[in-house]
Amino acid sequence: MLALMILVGTFGFAVSSSADHGSKSHRQVIVPGEDRFAPFGLTIRSGESVTWVNMDTDDHTVVSDDFFNTAGHNGTDVLIPGTDNNGGQPGTFTLHFSHAGTFVYYCRFHSHLDDAHQPKAPGPDGGIQDPNGNFGTPMMGIITVLPDGR
């Protein structure tokens, strides 16, 4: 598997298919073949890492909602390539969480922040209308980082 690794030392994150950081556990957030993060909410312990895996054909992003983040990684804005732009392979992105708090994030292609710093789906009435007249929800998620517990 082709591993794409970009280290950005200022923010302490990596785009990678094999970042380990020596963490004791590695959890995943999947972008299935649709515009959402699964699971929406994830609870981990400090010292653990989370890898986003983009299995969609389209590119997506992980952008931190810095107004609510207390677990670090403020300023995160990373493109995770979809399979169409990554040689047929899912794109990945990994963050290591070293202290307790929350990490609220969204995809900038499928959400934007409203005046109250809440992710809102783009389009009329807060969403993109599908052929059946339904409006989507913003593509976002939250990670709760608990203390290590040792």
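This is a short tour of a predicted protein model, one selection at a time.

**The whole chain**

Start with a cartoon view of everything. The protein has twelve strands and zero helices, so the pattern along the sequence is simply one β after another, β-β-β-β-β-β-β-β-β-β-β-β. If you colour by burial, 40% of the 150 residues come out as buried. Contacts reach well along the chain too: of those with a separation of 6 or more, 63% are between residues 24 or more positions apart.

**The open sheet**

Next, select β4, β12, β9, β6 and β7. These five strands form an open sheet in just that order, with mixed pairing. Its edges are β4 and β7, each of which pairs on one side only. On average, neighbouring strands here are turned by 25° against each other, ignoring direction.

Stay at the β4 edge for a moment. Strands β4 and β12 run parallel and are joined by five bridges. Show Ile44 as sticks, and you will find Val145 of β12 standing opposite.

**A stop on β9**

Now pick Val104, which sits in strand β9. Is Val104 buried or exposed? Its relative accessibility is 8%, so Val104 counts as buried, the cut-off being under 20%. Display what surrounds this residue: beyond its neighbours within four places in sequence, Val104 is in contact with Val63, Ser64, Asp65, Phe68, Asn69, Met140, Gly141 and Ile142. Draw a distance from Val104 to Ser64, C-alpha to C-alpha, and you should read 6.0 Å, although the two are 40 residues apart along the chain.

**The nonpolar core**

Hide the sheet and bring up side chains. The largest nonpolar core holds 20 residues, and those with the most contacts inside it are Phe37, Trp52, Phe97 and Ile143. The elements that give two or more residues to this core are β3 (26–31), β4 (41–45), β5 (49–54), β7 (77–80), β8 (91–96), β9 (101–106) and β12 (140–146).

Centre the view on Phe97. Which residues does Phe97 touch, not counting those up to four places away in sequence? They are Ile44, Ser46, Gly47, Glu48, Val50, Ala71, His73, Phe103, Ile143 and Val145. You have already met Ile44 and Val145 as the facing residues at the β4 edge.

**The aromatic rings**

Keep Phe97 in view and add the other rings. Seven aromatic pairs are counted in total. One of them joins Phe97 and Phe103 edge-to-face, with 5.6 Å centre to centre and 65° between the planes. Both of these residues are buried. Widen the selection to Phe37, Trp52, Phe93, Phe97, Phe103 and Tyr105, and you have a cluster linked by ring pairs.

**Two buried serines**

Finish with two polar residues. First select Ser49, in strand β5. Its relative accessible area is 0%, so Ser49 is buried. What does the side chain of Ser49 contact? Show His96: the two side chains make a polar contact at 3.0 Å.

Then move to Ser111, in the loop between β9 and β10 (112–113). Ser111 is buried as well, because its relative accessible area is 4%. Turn on backbone atoms for Met139, and you can see the side chain of Ser111 reaching the backbone nitrogen of Met139 at 2.9 Å.

Notes. Residues are numbered from 1 along each chain as its sequence is written. This is a predicted model: local features need pLDDT of at least 70, side-chain atom pairs count only at pLDDT 80 or more; totals for chains, interfaces and linings use all residues. Side-chain values use heavy atoms; hydrogens and water are left out. A nonpolar core is a set of buried Ala, Val, Leu, Ile, Met, Phe, Trp, Tyr and Cys residues joined through side-chain atoms within 4.5 Å. Buried means under 20% relative accessible area, exposed over 50%, partly exposed in between (1.4 Å probe, protein chains only). Helices (H or I, at least four residues) and strands (E, at least two) are DSSP runs, numbered from the N terminus. Contact means heavy atoms within 4.5 Å. A polar contact is a pair of N or O atoms within 3.5 Å; within protein, one must be able to donate a hydrogen and the other to accept it, and residues adjacent in sequence count only if both atoms are side-chain atoms. Two strands pair if DSSP finds at least two bridges between them. Axes are lines fitted to C-alpha atoms, for helices over the stretch in contact, and angles run from 0 to 180 degrees between N-to-C directions. Rings of Phe, Tyr and Trp (its six-membered ring) pair if their centres lie within 6.5 Å; planes under 30 degrees apart count as stacked, over 60 as edge-to-face and the rest as tilted.
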